[in-house]
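Q: Please take a close look at one part, a pocket in the surface, and explain what lines it. Then set it in context by describing the other spaces and contacts that can be listed for the model.

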Amino acid sequence: MNWILMENKYFLFLLLFLFACRSQSVNKQILHDEQNKIITLCTQEGKLKMEISYANGCFIRKLDVDSKTTLSPQGVYTGVTTKTDTISSRQLNGLPKVEIQDKLVRITEIMFGSDSLMLEENWEFKLDSSTITWSISRTFNQDFIAEDAAFPQWNFADLVTWKGGILDNGGVVWCKYLRSINDTYGVHTGGTKFWNDSTGNGLSIQGTGIGNTEIATKFSQGENGVFTSTNLVTEKALKQRHHLSRMVHGKFDVFAPFQVSKGEISASYILSYFNYAEEFNRGDLKSIPAEAVRELLNTTARYGVVDNGIVGANGWLTNWKCMHEPFFAQIAVGVMDSNYTRNLANTLDQERDLAMLPDGRVLSRWHNERGDEIPGTYNDSTGYYEAMWGYTIDSQTGYVLNVTELFDLTGDRTWLMAHQASCEKALEWLLKRDENRNGIYEMMNRTTGEGKASDWIDIVWASYENTFVNAQLYSALRKWAACELLLNNKTAADSYQSIAAKLKDSFNRPVQEGGFWSPEKHQYIYWRDADGSIHGDNLVTPVNFMAIASGICDDSTRVQIILDQIERRTSAENLFHWPLCFDSFKREEVHENNWPFPTYENGDIFPSWGGIGIRSYVQYDRQLALKYIKNLLKQYQIDGLSSQRYSRKTQKGLGSDILAGISTGVVALYSDIYGIQPRWNRFVLNPAMVSELNGTNFDYILRGEKYHVVLNESNYQLSTKDCSVQANQTFGLACKPGELQFFPGDQDISYLKVNKEDKQPIRIVVHKSDSAAIEFTLQETGRYKIQFGNLTKDTLVDKNTRLKLSW
């Protein structure tokens with residue numbers, strides 16, 4: 001018995017000895033198994049664990065995220081493909097060298113290839129409490145043309161390891177749409193935040209080329225359903241291989257061949273874990289499914305980003321972007337991502353430079369290849385063109401509206417000034433089109449019989465005087481006039497306001513007097529031909545919603561008549577969303593693909609115009625506005641709202657496109673229900689609350705500042721680390737350490753400015769404010785400098801002192 005016990009002890013000692021000989025624990029974060037040539041790295045908090053094998057090749061064989069395996073057996077490796085060969089770090093010419101110091105691992109002399117093409121790489125892994133930084137230095141022994149490269153290639157287990165990845169240009173790769181082997185989406189970005197909404201795990205890989213280099217990433221479905229993310233680091237920005245396609249089907253080679261120079265090129269990747277629910281927390285949204293809001297805004301809303309400089313709605317699956325859409329800056333309000341906002345600014349820069357003709361005409365579309373254009377208009381190098389269906393004139397207004405509304409998000413006056421001349425040209429191009437001088441502006445086509453479109457509804461033959469476009473023009477004129485005033489051009493501002501006023505008057509006249517209002521049908525008609533004939537009196541919802549949402553229709557009686565009619569008919573059919581029109585167009589008014597009714601743009605459901613629908617109903621019946629937001633979120637939970645449109649008959653998704661514009665109805669939850677309305681110099685809070693939403697609270701990031709929003713029907717609070725305002729009416733807030741500016745209503749002429757001597761946070765409760773006076777309480781004792789109107793007052797104020805001041 002004693003002998004057996006001694007033998008067992010000896011055996012256990014032997015195992016421990018052998019293990020100690022095989023594995024060297026450098027520190028708590030690095031374990032080196034020298035015999036099997038495996039290095040294990042772990043972040044200090046344990047959320048990321050990586051195993052690197054360098055026995056027969058050099059690659060990352062395991063990457064666990066919060067203890068869950070994410071990689072396929074191929075792991076993560078580097079490599080290069082030429083026309084004749086593919087070489088990778090999975091097969092080396094010899095054993096690399098390993099050096100470990102504290103929290104640093106260096107693997108050098110990683111050699112692979114042959115005499116004709118030899119690569120040498122050096123890898124460095126640096127650990128800290130929450131990140132692993134992987135630096136790769138690659139040296140080529142000669143110049144050559146590469147067909148492809150892995151710098152590196154991440155091979156994840158399958159397409160459900162991650163739901164998708166949020167890109168550092170504000171876009172998203174949505175894994176389920178890489179439907180077939182080698183379906184590939186390629187973009188000019190290096191950073192991705194992969195997430196799994198079921199586990200709550202997130203993996204951030206933020207890659208950058210070092211020195212004078214460019215980085216790109218392509219995402220594919222590999223063999224056996226593997227999900228691959230491949231980084232490419234090059235001397236120049238990569239071009240597309242197949243026309244201008246970012247998405248290709250059944251092809252792994254989305255990028256064109258590229259020049260490689262003899263010498264060294266380097267990149268760095270920062271890996272970190274994130275808790276998805278915390279990182280993208282949408283707050284406590286009473287009676288609203290916050291998770292559905294989060295997922296919609298991280299998928300469908302972002303999907304319209306095709307690449308850097310191409311932010312749209314049609315998205316990367318079909319390689320399309322329409323310029324005749326006014327709502328991209330509105331989507332930015334909901335997405336709340338500075339990367340999306342920055343990329344939209346770059347997109348508008350690019351469209352100003354490449355999609356605007358010398359006379360101010362804004363081309364209507366971008367596509368990866370020819371086939372959808374008016375002959376002679378497609379530019380092979382840029383992809384911009386005029387759509388074959390007709391000259392869609394709302395690209396003029398879409399450009400101006402997106403510029404003005406994006407400026408409110410960024411507050412960048414220098415950027416706005418760079419768009420001053422182009423916005424003026426875009427407007428002037430359209431303002432020249434009033435041959436009968438009646439204050440209503442005309443399209444390129446004169447009659448329905450031409451069979452051409454003039455706006456977003458592109459196979460309905462709206463012509464000449466178009467209600468939909470003129471309503472957008474009214475909004476664009478007013479918003480741009482405010483920008484001209486800010487840019488010290490009062491003469492231009494006054495002119496645009498005057499034109500808008502005349503347009504409003506003409507627009508709202510009865511059809512018998514040359515306007516668009518039909519007293520008989522109680523709706524705005526869609527268009528008038530040059531011969532005076534009236535068309536589109538079949539209750540076209542985007543037309544009537546745009547009239548109300550743009551402000552050109554502010555007659556409360558008309559608003560009620562229109563919206564009651566729409567709600568009555570929507571409810572009668574039990575539709576989850578409004579159809580594009582309630583009754584049929586006439587056969588001669590539409591393309592054959594719109595026939596019979598209800599089909600496509602002749603009666604199907606297009607939620608892309610949900611945002612203006614919500615904005616219209618908020619003015620009349622907040623509860624109905626909320627009803628349709630909830631309907632959209634319920635539909636998202638059913639099918640992801642990832643369709644072009646929905647069948648009027650079945651309410652099932654249809655179309656090969658996924659339109660990011662579908663998200664605008666939920667974006668309106670923020671802009672029109674919660675009242676998140678950024679202005680270039682302040683944060684305006686203008687809620688339209690109902691009782692079931694009481695207690696809603698969430699964080700909102702604007703221009704890098706985190707605001708906390710708390711909403712009730714009769715009390716709103718907006719706060720940052722430096723200031724807080726509580727009020728019972730619409731207000732604007734601007735603050736910095738030791739200073740608070742309170743703007744009653746949505747204006748920036750009259751305001752209360754409070755400075756605190758010790759630079760500590762300033763908190764006020766505003767009891768009442770109007771054009772004559774303000775009554776408020778300062779919630780902390782201190783010495784304050786208070787400015788209002790022309791009066792400045794330095795005073796010592798006790799805590800909770802109530803002040804009443806006259807403007």
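A: Strand E39 is the main contributor to the lining of the second largest pocket, to which it gives six residues. The model is a predicted one. The space in this pocket amounts to about 730 Å³. Its lining consists of 32 residues, and those nearest the centre are Val 335, Met 336, Asp 337, Ser 338 and Ile 701. Several elements give two or more residues to this lining: strands E15 (164–167), E39 (696–702) and E40 (705–712), together with helices H2 (276–279), H5, H6 (338–354) and H7. In terms of residue class, the lining of the second largest pocket holds eleven nonpolar, eleven polar and ten charged residues.

The largest pocket may be described in the same terms. Its volume is about 1600 Å³. Fifty residues line this pocket, and Asp 408, Lys 479, Gln 677, Arg 679 and Asp 746 are the closest to its centre. At least two lining residues come from each of helices H5 (328–335), H7, H10 (467–486), H12 (541–549), H14 (610–618) and H16 (664–673), and also from strand E37 (676–679). H10 supplies eight residues, the largest share of this lining. By class, the lining of the largest pocket has 24 nonpolar, 15 polar and eleven charged residues.

Helices H5 and H7 therefore deserve attention, because each gives at least two residues to the lining of the largest pocket and two or more to that of the second largest. H7 can be followed further. Helix H7 runs over residues 394–410, and at 1.5 Å a residue its 17 residues should span 24 Å; the C-alpha atoms at its ends are 24 Å apart, so the expected and actual spans agree. This helix is mostly covered, with 16 of its 17 residues buried. After H7 comes Gly 411, which has a positive phi, near 70°.

Closed spaces form a separate topic. Four cavities of 30 Å³ or more are present in the structure. The volume of the largest cavity is about 50 Å³. Its lining is made up of Thr 541, Pro 542, Phe 545, His 577, Trp 578, Pro 579, Leu 580, Phe 606 and Trp 609. Seven of these lining residues are nonpolar and two are polar, while none is charged.

The aromatic side chains return the account to strand E40. Across the whole structure, a search finds 48 aromatic pairs. In one of them, the rings of Tyr 670 and Tyr 674 have centres 5.5 Å apart and planes at 90°; an angle over 60 degrees counts as edge-to-face, so this pair is of that kind. Tyr 670 has a relative accessible area of 1% and is therefore buried. Tyr 674 is likewise buried, since its relative accessible area is 0%. Another pair, Phe 683 and Tyr 707, is tilted, with 4.7 Å from centre to centre and 50° between the planes. Because Phe 683 belongs to strand E38 (residues 682–685) and Tyr 707 to strand E40, this pair ties together parts that are 24 residues apart in sequence. Both Phe 683 and Tyr 707 are buried. Elsewhere, ring pairs join Phe 156, Trp 162, Tyr 185, Phe 194, Phe 219, Phe 227, Tyr 303 and Trp 316 into a cluster.

The cysteines complete the description. One disulfide is found in a search of the whole structure. It joins Cys 723 to Cys 735, with a distance of 2.3 Å from S to S. The link between Cys 723 and Cys 735 is left-handed, with -55° about the S-S bond. Cys 723 lies in strand E42 (residues 723–727) and Cys 735 in strand E43 (residues 731–736), so that the two partners, twelve residues apart, link distant parts of the chain. Both Cys 723 and Cys 735 are buried. Cys 423, by contrast, takes part in no disulfide, and the nearest cysteine sulfur, that of Cys 483, lies 7.5 Å away. A disulfide requires sulfur atoms within 2.5 Å. Cys 423 counts as buried because its relative accessibility is 0%. Cys 483 is also in no disulfide, its nearest cysteine sulfur being that of Cys 423 at 7.5 Å. With a relative accessibility of 5%, Cys 483 too counts as buried.

Notes. Residues are numbered from 1 along each chain as its sequence is written. This is a predicted model: local features need pLDDT of at least 70, side-chain atom pairs count only at pLDDT 80 or more; totals for chains, interfaces and linings use all residues. Side-chain values use heavy atoms; hydrogens and water are left out. On a 1 Å grid over the protein atoms alone, a cavity is a set of points where a 1.4 Å probe fits but cannot get out, and a pocket is an open set with protein on both sides within 12 Å along at least five of seven lines; lining residues have an atom within 4 Å of a point. Grid points are joined across faces, edges and corners, and a volume is the space filled by probe spheres set on the points. Ala, Val, Leu, Ile, Met, Phe, Trp, Tyr, Cys and Pro count as nonpolar, Asp, Glu, Lys and Arg as charged, and the others, Gly among them, as polar. Helices (H or I, at least four residues) and strands (E, at least two) are DSSP runs, numbered from the N terminus. The expected span of a helix is 1.5 Å times one less than its number of residues. Buried means under 20% relative accessible area, exposed over 50%, partly exposed in between (1.4 Å probe, protein chains only). Rings of Phe, Tyr and Trp (its six-membered ring) pair if their centres lie within 6.5 Å; planes under 30 degrees apart count as stacked, over 60 as edge-to-face and the rest as tilted.
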